[in-house]
Structures are given as structure tokens and as C-alpha cells.
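User: Could you take a close look at how one pair of helices packs in this model, and then say what empty space is left inside?

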Amino acid sequence: MTAPRTLVVRLDSAGDVLLAGPAVRAVAAGSSHTALLCGPLGEQAARLLPGVDEVLVYDAPWVGLEPAPVSREETRALLAALSDGRYDRALVLVSYHQSPLPVALLLKLGGVGWTAADSEDYPGSLLDLRHHRLPRRHEAEAALDLARDAGFPLPPSDPGTLRIGDPPDTTHLTGPEPYVVLHPGAAVPARAWSAGRAARAVAALAAEGHRVVVTGGAGEKDLTARVAGEHALDLGGATDLPHLAGVLARARVAVVGNTGPAHLAAAVGTPVACLFAPVVPAERWRPYGVPHVLLGDQHAPCAGSRARRCPVPGHPCLDAVTDSAVLAAVAALGCGSDNGAAPAGTGSAPVPGRASGTERGASV
């Protein structure tokens with residue numbers, strides 16, 4: 001029997017797309033053609049994932065911090081692309097708090113014959129496999145669970161960690177010496193250090209003898225310049241996502257918040273000292289499959305609030321992290337990157353979980 005043409009949907013940001021990577025590889029192992037439908041913020045990440053034969057981009061009006069307006073023209077263009085793609089199956093990957101049903105409706109209208117997704121909402125005829133994720137499941141593992149129960153198990157030879165294709169050589173940007181990356185920005189301010197706190201951490205790392213490289217996007221040049229100061233190499237605005245992957249791949253450790261570059265570091269195998277604000281649960285979003293240390297008060301008053309800006313004066317969950325804690329995390333993770341041992345309190349490679357609940361058809 002011919003393997004299906006399969007579409008994987010992940011409409012969020014670059015970090016979300018990277019976390020979908022293991023599930024995409026599982027789908028690709030059982031498909032004749034694997035396409036990934038993503039949003040514009042996830043496109044660069046989608047093109048880095050192994051197993052992806054085709055990338056479709058749709059700016060969904062129900063996704064993101066600044067959603068696109070509803071557009072008949074964009075919707076019609078998506079439906080035409082879906083019809084032209086002749087996809088037999090689709091897997092819709094969403095976070096635990098999101099609904100897959102808006103895009104599931106469009107997939108049906110576009111001629112996709114069979115669709116699976118995690119859904120807490122009654123799907124009617126929109127889903128052929130209504131899947132129930134396990135409680136407190138990491139996002140990468142939840143996606144793998146869905147893929148497996150939809151008939152796409154991960155091959156035994158695949159460890160299930162995050163992965164991208166080989167990143168470009170970036171020694172012309174960083175120089176050849178060992179270094180630590182500090183990435184101060186985040187799309188959601190509550191998940192990042194304040195600029196002044198990040199600058200003090202750079203100074204402390206430099207005083208400890210670390211060579212520090214500060215990274216950031218094109219819109220973060222003022223931030224990275226302030227944070228780097230006279231103590232670090234400032235690469236703000238100097239890298240697209242593939243080149244940022246190259247910079248991270250050659251770092252001993254990445255110091256970064258709960259944002260896309262943390263998952264990019266994990267995808268290139270670099271240990272992560274993660275400044276993790278508890279506005280979302282670490283059990284679902286912590287760096288996956290690499291040695292890591294979580295820095296930040298996971299029981300702060302903002303815990304579970306999904307706040308975009310810190311609701312507590314002084315941003316104590318992250319800005320109260322001490323220099324000594326940062327230095328200790330970098331030292332432990334740097335040693336681990338040499339000898340392969342994961343420091344205490346770090347993450348590890350994923351282990352396939354127990355079967356999660358499934359519901360075939362639309363019955364509840």
C-alpha cells in the first residue's frame with residue numbers, strides 16, 4: 001500500500017515549530033510526502049526541520065500576539081493549496097490551551113480526507129481522530145503521542161530529541177574561541193530579564209573568565225547593545241534563524257529565557273541555562289532533550305497567569321536570580337557538555353510515554 005501524503009499543522013512561533021520536530025520526523029517516516037503548514041513566524045524554523053518536503057505558510061487570524069485580520073483572499077488561497085496538495089492525512093498540533101477546530105474546518109474544506117488532533121472541544125465531524133493528551137505532558141511529547149496514535153510511530157533509531165539540519169559555519173561572526181551565548185530578549189516581556197539585569201549577568205560572566213556572545217533579532221539591537229556593553233560581543237541583528245543556530249551550536253552553554261532560541265539551542269544540542277518565568281508551566285515548555293537548569297522562582301505570584309508583562313513590581317521571579325546562580329549553572333552545564341554527564345536538576349532525553357486517550361470519530 002502506498003504511504004500517505006501527510007500534512008502537519010503547527011501555526012505558532014518558531015519555538016513551537018521546533019518542538020514539533022520529533023513528531024514531524026515520525027510522520028515523515030511513514031509518509032511518501034510530508035508537508036508542514038505553519039505561520040509566518042514559524043517559517044524559518046519549518047525549513048530547518050528534517051523530514052519536511054514542503055512548507056506552506058498561512059497567517060491564521062486566531063493565532064499569535066497580533067493576529068492577522070480575517071481575509072477571504074488568504075483563506076481561499078489556503079484552500080487552493082490544500083486541494084492542490086492532495087493530502088491524505090493531516091495532524092494538527094496545538095498547545096494544551098488551544099483549539100485545533102478552526103484549522104480542522106479549513107482542512108476539510110480543502111479536501112484533506114482524514115484529520116487528527118488533541119481537542120478538548122467537541123469536534124463534530126471535523127476530526128477523524130479526537131485525541132486526548134496526557135496531563136502535564138511536555139509539548140514535544142504530546143505531539144509525539146498524537147503522531148503515534150495516528151499511526152506514525154517514531155522509528156526505534158530516532159531518540160526523539162529536537163533536531164535541525166546542519167547549521168552554517170558562523171565562526172566569521174563569533175571567532176573560534178569557546179564562548180557562552182546570552183540571549184536577553186523574548187517575544188513576551190514577562191519571560192525575559194530586564195535589560196539592566198541581563199547586563200549585570202554579562203559582566204559577571206565576563207569577570208569569571210567566560211567569553212560572552214549576546215544575540216538578538218533585528219528589532220533588538222538597542223537591547224543587545226546595552227546588555228553587551230564593553231564585556232561581550234554584540235551580534236544583535238546579525239543573524240537570521242539558521243545563523244543563530246550556528247552561533248548556538250558552537251556555544252558551550254546558552255543563557256536564555258523561555259523563548260524560541262532556547263528550543264533552537266536544544267535542537268543543536270547545546271545545554272541551556274533557562275531563565276524560566278512561571279507564567280506558563282515549565283513541565284510543558286522547558287528545554288527538551290538536553291542538559292538544562294531552570295533559573296527563576298517557579299512558585300512566584302505570577303505562576304500560571306499566562307501574563308505577557310510581569311504583574312509583580314520588580315519582576316522578581318527572574319530579576320531576583322543571582323549572579324552566583326547563573327555562574328553555577330553555566331559552570332555545571334559547561335562541564336556536562338565536555339563529558340556528556342547531565343548536571344543534577346537538568347532535563348534528559350525523552351522517554352516514550354504510556355498510551356494517551358484516543359477517540360475515533362466524533363463521538364463523545
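Analyst: Sure. Axes here are lines fitted to C-alpha atoms, for helices over the stretch in contact, and angles run from 0 to 180 degrees between N-to-C directions. Bear in mind that this is a predicted model.

Take helix α8 (residues 195–207) and helix α9 (residues 221–228): their axes come within 7 Å and cross at roughly 40°. That crossing is why α8 counts as oblique to α9. On the α8 side, the contact uses A195, G196, A198, A199 and V202, which meet L223, R226, V227 and A228 of α9. Sorted by class, the residues of this contact are seven nonpolar, one polar and one charged.

Now for the empty space. There are two cavities of 30 Å³ or more in the structure. The largest cavity holds about 60 Å³ of space, and its lining is made up of R10, V92, L93, V94, D118, R133, E139, A142, A143 and L146. Helix α6 (residues 139–149) gives the most to that lining, with four residues. The class split for the largest cavity is six nonpolar and four charged residues, with no polar ones.

The second largest cavity comes out at about 30 Å³. Around it sit H183, P184, G185, R191, A192, W193, G257 and L275. Its lining has four nonpolar, three polar and one charged residues.

Key: Residues numbered from 1 in each chain as written. Predicted model: local features only at pLDDT ≥ 70, side-chain atom pairs only at ≥ 80, totals over all residues. Heavy atoms only, no water. 1 Å grid on protein atoms, 1.4 Å probe; cavity = no way out; pocket = protein on both sides within 12 Å on 5 of 7 lines; lining within 4 Å. Points joined across faces, edges and corners; volume = space filled by probe spheres on them. Helix = DSSP H or I, 4+ residues; strand = E, 2+ residues; numbered from the N terminus. Nonpolar A, V, L, I, M, F, W, Y, C, P; charged D, E, K, R; others polar. Parallel < 35°, antiparallel > 145°, perpendicular 65-115°, else oblique. Contact = heavy atoms within 4.5 Å.
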